[in-house]
Amino acid sequence: MSELERDTIDTTATPWVDVYRRLTDIVIPRPIALVATVDPDGVANLAPFSFFTVVSSNPPFIAFAPHRAGRTGAKKDTLRNLEQVGEFTVSVVTEEIAERVNACAAPLPYGDSEFDHSGLTPVAARQVK
């Protein structure tokens, strides 16, 4: 087997979780976006995203990739909230808050706030809920 064949991933035949792991091995370092959303009842959700980047500056666009839970295929809270409410904020993760941000990745039940779980302090957004 050639080196090229060994390093090639057939994404049509490889489970997505294996493709995900390979991509996260390759694309480093990755900035972490801390995305805040609210559900229709106003309960805050907070989730870290390592698939995050700037797309353009004029107009200003960023991209992050909310997806389904790997084990169940269920929509994660951020995706559900975006579909229902359509608003979000993004904060940049610093080393100072990294451990608390990590706690936001815990699989909490829908409607439980990661702010409470992580000890991070919510600050009201100026233009969105």
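Helices here are DSSP runs of H or I with at least four residues, and strands are runs of E with at least two, both numbered from the N terminus. The model is predicted.

**Whole chain**

Start with the full chain as a cartoon. Five helices and five strands are present, and from the N terminus on they run α-α-β-β-β-β-α-β-α-α. Along the principal axes, the C-alpha atoms fill a box of roughly 55 × 35 × 30 Å. Of the 129 residues in the chain, 23% are buried.

**Stop 1: helix α2**

Select residues 16-26, which make up helix α2. Show the side chains of D18 and R21. These two form a salt bridge, with 3.5 Å between the closest N and O atoms. Both residues lie in helix α2 and are three residues apart, so about one helical turn separates them. D18 is partly exposed, at 35% relative accessibility.

The whole structure holds two salt bridges. For the other, select K75 and E83, whose closest N and O atoms are 2.8 Å apart. K75 is partly exposed, with 31% relative accessibility.

**Stop 2: the nonpolar patch**

Return to helix α2 and select W16, which lies in that helix, then add Y20, L23 and F51. What do these four residues form on the surface? They make up a nonpolar patch, with about 370 Å² of accessible area together. Its members include W16, at a relative accessible area of 47% and therefore partly exposed. Y20 has a relative accessible area of 31% and is also partly exposed. The value for F51 is 31% as well, which puts F51 in the partly exposed class.

**Stop 3: aromatic pairs**

How many aromatic pairs does a search of the whole structure find? There are three. One of them is inside the patch just selected: Y20 and F51 form a tilted pair, 5.4 Å centre to centre with 40° between the planes. Y20 belongs to helix α2 and F51 to the loop between β2 (44-49) and β3 (52-57), so this pair ties together parts that are 31 residues apart in sequence.

Now select F64 and F88. Their pair is edge-to-face, 5.0 Å centre to centre with 70° between the planes. It links distant parts of the chain, with F64 in strand β4 (residues 60-64) and F88 in the loop between α3 (77-84) and β5 (89-92), 24 residues apart. Is F64 buried or exposed? F64 is buried, because its relative accessibility is 16% and the buried class covers values under 20%. F88, by contrast, is partly exposed, at 33%. Add F49 to the selection: F49, F64 and F88 form one aromatic cluster.

**Stop 4: a charge over a ring**

Select R80 and Y110. Where does R80 lie relative to Y110? R80 is over the face of the Y110 ring, 3.5 Å from the ring centre.

**Stop 5: strands β1 and β2**

Select residues 33-38, which are strand β1, together with strand β2. The two strands pair in the antiparallel sense over six bridges. To place one residue in this pairing, pick L34; its bridge partner in β2 is P48. Then look at the turn of the hairpin, where five residues lie between the strands and G42 takes a positive phi near 90°.

**Stop 6: a cis peptide bond**

Move on to N58 and P59. The peptide bond from N58 to P59 is cis, with omega near 5°. P59 is located in the loop between β3 and β4.

**Stop 7: strand β3**

Finish with T53, a residue of strand β3. Which exposure class does T53 fall in? At 44% relative accessibility, T53 is partly exposed. Add R30 to the selection and draw a distance between the two C-alpha atoms: they are separated by 8.7 Å, while the residues are 23 apart along the chain.

Conventions. Residues numbered from 1 in each chain as written. Predicted model: local features only at pLDDT ≥ 70, side-chain atom pairs only at ≥ 80, totals over all residues. Heavy atoms only, no water. Patch = residues over 30% accessible without salt bridge, like charges linked within 9 Å, V, L, I, M, F, W, Y side chains within 5 Å. Areas by Shrake-Rupley, 256 points an atom, 1.4 Å probe, with all protein chains shown as cover. Buried < 20%, exposed > 50% of the residue type's maximum accessible area, 1.4 Å probe, protein only. Phe/Tyr/Trp six-rings, centres within 6.5 Å; stacked < 30°, edge-to-face > 60°. Lys NZ or Arg CZ within 6 Å of the ring centre and 35° of its normal. Pairing = 2+ DSSP bridges.
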